Amino acid sequence: MRAAILAISFFLSFSSAVFAVEPDEMLADPALEARARALSQTLRCMVCQNQSIEDSAAPLARDLRLIVREHIKAGESDQQIRDYLVARYGEFVLLNPRLSAHTVVLWAIPGLILVCGFIWIAVVLLRGNPPQPAKLSPEEEKKLAKLVRNSDDLTKL
Amino acid sequence: MIAELSHYALVLAFVLAVLQTILPLWGARKNDLTLMGVAEPLALAGFGFIAFAFAGLIASFVRSDFSVLAVYTNSHSLQPLLYKITGVWGNHEGSMILWVFVLGFFSALVASLGGNLPARLRANVLGIEGSIAAVFLLFILTTSNPFLRLSPAPAEGQQLNPILQDIGLAIHPPLLYLGYVGFSIAFAFAAAALIEGRLDAAWARWVRPWILTAWIFLTLGIAMGSYWAYYELGWGGYWFWDPVENASLMPWLAGTALLHSAIVMEKREALKVWTVLLAILTFSFSLLGTFLVRSGVLTSVHSFANDPARGVFILAILILFIGGSLALFALRAPVLKQGGLFAPVSREGALVINNLLLTATAATVFTGTLYPLVLEAVTGEKISVGAPFFDRTAGPLLLCLLLVMPAGPLLAWKRGDLRGVTERLTFAAGIAAAVAGLVLWLTQGGPILSAAGLFCAIYAIAGALIEFSERLQLFRIPLAASFSRARGLPRSAFGTVLAHIGVGISLLGIVAEAGWSQERVVALKPGDRIAIADFDLSFKGLYDREGENWHDRLGRFEIRRGGLQVTTLEPAKRIYLGNQPTTEAGIATFGFGQLYISLGEPMPNGAISAHIYWKPLVTLIWIGGMVMAIGGALSLSDRRLRVGAPKPARRMSVLPAE
């Protein structure tokens, strides 16, 4: 958190804008504007430390927000806009990395760990549980009942 | 003079830490009581010297001794006293001193409270603690000396970064470090158990209070940091999945898993090896967290290399402790005997699932945080992994965890009654569905995701309450009898319920903030009126205000609700000495919701831009964190867990099986 704060103050020192979207940037149509905001949240301000262009005050982020809105006004889909930005700035601009050869490990890790974990647990549980012991004989049952009666409350612990 | 004395005290502390490492560990090996016995005085004396150095650094800051480099770069004579003091740890060198100070503090605590530990275990634990202290002190002395002098001494300092000039800096880092470093005790216990090759339920009982203590502080530290970012950064966000936040989340996730597996180990002697591994992993994450923030590796791989001495040292520390302890684990874990069999459907089983989900989440956050660094180092390709990734991966895992959470306490140890639990949880789910449906209907249908989140939150809270009323047999026996049952319950039972409810409360806040917040982005001229939620804001104009070392340009807003003026908000743009600006959001709390105004830039036409938010239930996010911590504290105060407490009181035996 502290580095985030430091990073932000670093940008404040050369950019005059303090927060992201300024009123003059916004689209008149609320539906299109909402789309622009949602899309902006998935795009990285490339000169910032891990901030989306929606959150960043840097001039570059403002430029990107305007580009996004221009393309939305031109009727492009989110995917088209993302493709355009990737072509221009590289995959670094996407906060949500695309599934590809070099991100497959990244995306697979959560599922992989879950599956491996389940298998491991199952194996340990199976190995840990020895075959059930043979049933008690009637005499043993009697003995046990007597023991249980005598031990009173102790079993409840 | 103070700086030199403090520097010398650090050197002495280092020497003592080296002795504290070697003598007790050797003594434990040779079974030499005298050698083992030196651990306590060494730990106490070491803490004394570190405290002296820490106090010396604080004194240099308070006296504005700008001949000390760290003071010059992080303080100013006009800074308020509080920020002169907090400036001590608002930089790399000083924060490392705070780190070893907390470490020394915990070592001293073990030394003075650990009288009931077996001599060998205590000697080994303190020896391991000593080794951590020795390595960190060496790191400070060789690469991050806070007592470097400047000659000639400048007349004035460069002041602490304005964004850090906040009460948050006084609270957040110390809490966070108490959490991070607190887990070093669990780590030391784990390493000691591996060295001795002995691990039993008593070990879990001794180590649990330490785990709980660290967990409480880390929980509070994260909640506090989140609120700090929320009000200070001025765009209304509270969690950004920033690598630095992730750095604190990873040890929290692993620590939460550890907390639960240690319970299983204490009660049932199961999950022994796993608990030891978790203790190692949790502290490894803490180390990683410390260095992710401190080393600059996050900004880019290249800035890490800019200061090779520090970077290489950090890598060496990580390899030494993480690699070393994992190697020790691999060597010695097979010696430890597994115990405690249980059926898949049992409280142990539920806690295993809890551990699996928490570990998977921690692994996901870990991968997401470090993947871009590794990828760039290996292939040169640059990608980003941000909030959308974590929302899609860690998010669902945590929601699954929440669904399992109420089942744990409802299930019996060893073999649980699946049908009974399902019935009760169906009841909880019914309540949750009804509430979620009602809210959706009242708010004219919200995003479906919010409804799902709302359901999970209510379900978690209801589940915890149902479990609690089961224990009291509420409504099944007379109320007075339930009350006397409640008095007989151990405090840890209250702790569990509270902590679990806290999770639900936090989620409730998160869901409400995400789904039902309102926002206006406007350009305002004096006299303009804005309506948001059921509030009516009128903008009165811009005013000036002078502070000790800043100047505010503030906008005044009168807030009306139902025609009555309820409050005035004055969000500001604050200019500190040296022209560094910050935003000061104007925040007013109504119930659990907050009205949040952040001022922007003057526009060409004379208007000023402003972001205005209404965030319903947003404070629940942090209140939930505090409830969790209070739950932890209640558990900690349970006499069965108190360090040095006698055996559980007999009255426990009349209670039903837990």
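**Exercise 1. Find how many bridges join strand β9 to strand β10 of chain B, and place the pair in its sheet.**

Seven bridges link β9 (residues 593-602) and β10 (residues 608-615) of chain B, and the two run antiparallel. Strands here are DSSP runs of E, at least two residues, and helices are runs of H or I, at least four, numbered from the N terminus; strands pair if DSSP finds at least two bridges between them. One partnership to look up: B:Tyr596 is bridged to B:Tyr613 in β10(B).

Now zoom out: the open sheet has four strands, ordered β1-β10-β9-β8 (chain B), with antiparallel pairing. At its edges stand β1 (518-524) and β8 (586-590) of chain B, each with a single partner strand, so one side of each has no neighbour in the sheet.

A note on the source: this is a predicted model, where local features need pLDDT of at least 70 and side-chain atom pairs count only at pLDDT 80 or more, while totals for chains, interfaces and linings use all residues. Residues are numbered from 1 along each chain as its sequence is written, and chains are lettered from A and ligands numbered from 1 in the order in which they are written.

**Exercise 2. Check the span of helix α18 of chain B against 1.5 Å a residue.**

Take the 25 residues, 448-472. The expected span is 1.5 Å times one less than the number of residues, so α18 of chain B should cover 36 Å. Its end C-alpha atoms sit 36 Å apart, which agrees. Just past α18(B), B:Gln473 adopts a positive phi of about 50°.
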